[in-house]
Amino acid sequence: MNDFYNVVRKRRMVRNYTDEPVPLETINRILEAARKAPSAGFSQGQAMIAVTEATQRKAIAKIADEEKYLARGMDPWISRAPVHVIVCVSKKLYLERYAESDKKDTPQNDENWPVPYWWVDAGATMMTLLLSAVAEGLSAGFLGSHRMPELQDILGIPAHMKPIGIVTIGHPAPDRPSSSLSRGRRAVREVIHHERW
Ligand SMILES: Cc1cc2nc3c(=O)[nH]c(=O)nc-3n(C[C@H](O)[C@H](O)[C@H](O)COP(=O)(O)O)c2cc1C
């Protein structure tokens, strides 16, 4: 099996890390790989903020309600992760791009999008970060927050850039898997179709 499929297979959301820091060169390779993520019309509306500073990671963990994970018997995995990457995306950059002359015949104004491509592209960035971390021999996780304006505030993210969540990266420590996994994976026949549904 080639390396790429091994990385895909190995990836899972890891919710605990050791204190071992991740070298800046490694962080930069992961970020550089994620910068290669695709974007609609090459709008390139995505952006990332890598945070390693401990006080700031604690503040992010608070905004992400780490206490709720602790109350469920989980580890302080967010504040403990030596690297946080906040993935952001700007709808404004898509509206501007799709107003350019080569895209003008695409009827995509503010209201009329087949799907909101900015969220699609942010997801591609997020997945590239997760897989790149695993390719580096590290582990990663993704989590959302219901307090995005606070996150935006403490990190000085411009108003048009919206954070979609936090990717935690580090060396894995034993963790408690999410209770969501007990749902089991949907059957192949429900998910994968050939030729037609
Ligand atoms: C958009 C999105 C949001 C998620 N939010 C959270 C979250 O807030 N907290 C968390 O612990 N896991 C979160 N997860 C992780 C999922 O629970 C996890 O991907 C799923 O249970 C499958 O597990 P696996 O990725 O380890 O295979 C999120 C995943 C995605 C894709």
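Start by selecting Ser-145 and Arg-147 in this predicted model: the side chain of Ser-145 reaches the backbone nitrogen of Arg-147 at 2.9 Å. Keep Ser-145 selected and add Ile-63. A polar atom of the Ser-145 side chain lies 3.2 Å from the backbone oxygen of Ile-63. Now show Ala-64 as well, since Ser-145 is in contact with both Ile-63 and Ala-64, leaving aside its neighbours within four places in sequence.

Where along the chain does Ser-145 lie? Colour strand E3 (139-143) and helix H8 (148-155), and you will find Ser-145 in the loop between them. Is Ser-145 buried or exposed? Its relative accessible area is 14%, under the 20% cut-off, so Ser-145 counts as buried.

**Into the nonpolar cores**

Next, select Val-85, Leu-129, Val-167 and Ile-169. In the largest nonpolar core, which has 23 residues, these four touch the most other members. To see what supplies this core, colour helix H2 (24-34), strand E2 (83-90), helix H7 (117-135) and strand E4 (161-170), the elements that give two or more residues to it. H7 provides the largest share, six residues. In soluble globular proteins, nonpolar side chains tend to be buried together.

Centre the view on Ile-169 and show its surroundings. Leaving aside neighbours within four places in sequence, Ile-169 is in contact with Tyr-17, Ile-30, Ala-81, Pro-82, Val-83, Val-85, Ala-133, Leu-138, Ser-139 and Ala-140. Apart from the largest core lies another one, of 21 residues; select Val-14, Tyr-17, Val-51 and Ala-64, which are among them. You have already met Ala-64 as a contact of Ser-145, and Tyr-17 as a contact of Ile-169.

**Out to the pockets**

Now select Arg-11, Arg-12, Met-13, Leu-181 and Arg-185. Of the 14 residues that line the largest pocket, these lie nearest its centre. The space in this pocket is about 450 Å³. Its lining has six charged, five nonpolar and three polar residues.

For the last stop, turn to the second largest pocket, with about 200 Å³ of space. Select its lining: Ala-34, Arg-35, Lys-36, Ala-37, Ser-39, Phe-42, Gln-44, Gln-46, Ala-47, Met-48 and Thr-125. Which strand gives the most to this lining? Colour strand E1 (residues 46-51), which contributes three residues. By class, the lining of the second largest pocket divides into five nonpolar, four polar and two charged residues.

Terms used:
Residues numbered from 1 in each chain as written. Predicted model: local features only at pLDDT ≥ 70, side-chain atom pairs only at ≥ 80, totals over all residues. Heavy atoms only, no water. Core = buried A, V, L, I, M, F, W, Y, C linked by side-chain atoms within 4.5 Å. Buried < 20%, exposed > 50% of the residue type's maximum accessible area, 1.4 Å probe, protein only. Helix = DSSP H or I, 4+ residues; strand = E, 2+ residues; numbered from the N terminus. Contact = heavy atoms within 4.5 Å. Polar contact = N/O pair within 3.5 Å; in protein donor to acceptor, adjacent residues only side chain to side chain. 1 Å grid on protein atoms, 1.4 Å probe; cavity = no way out; pocket = protein on both sides within 12 Å on 5 of 7 lines; lining within 4 Å. Points joined across faces, edges and corners; volume = space filled by probe spheres on them. Nonpolar A, V, L, I, M, F, W, Y, C, P; charged D, E, K, R; others polar.
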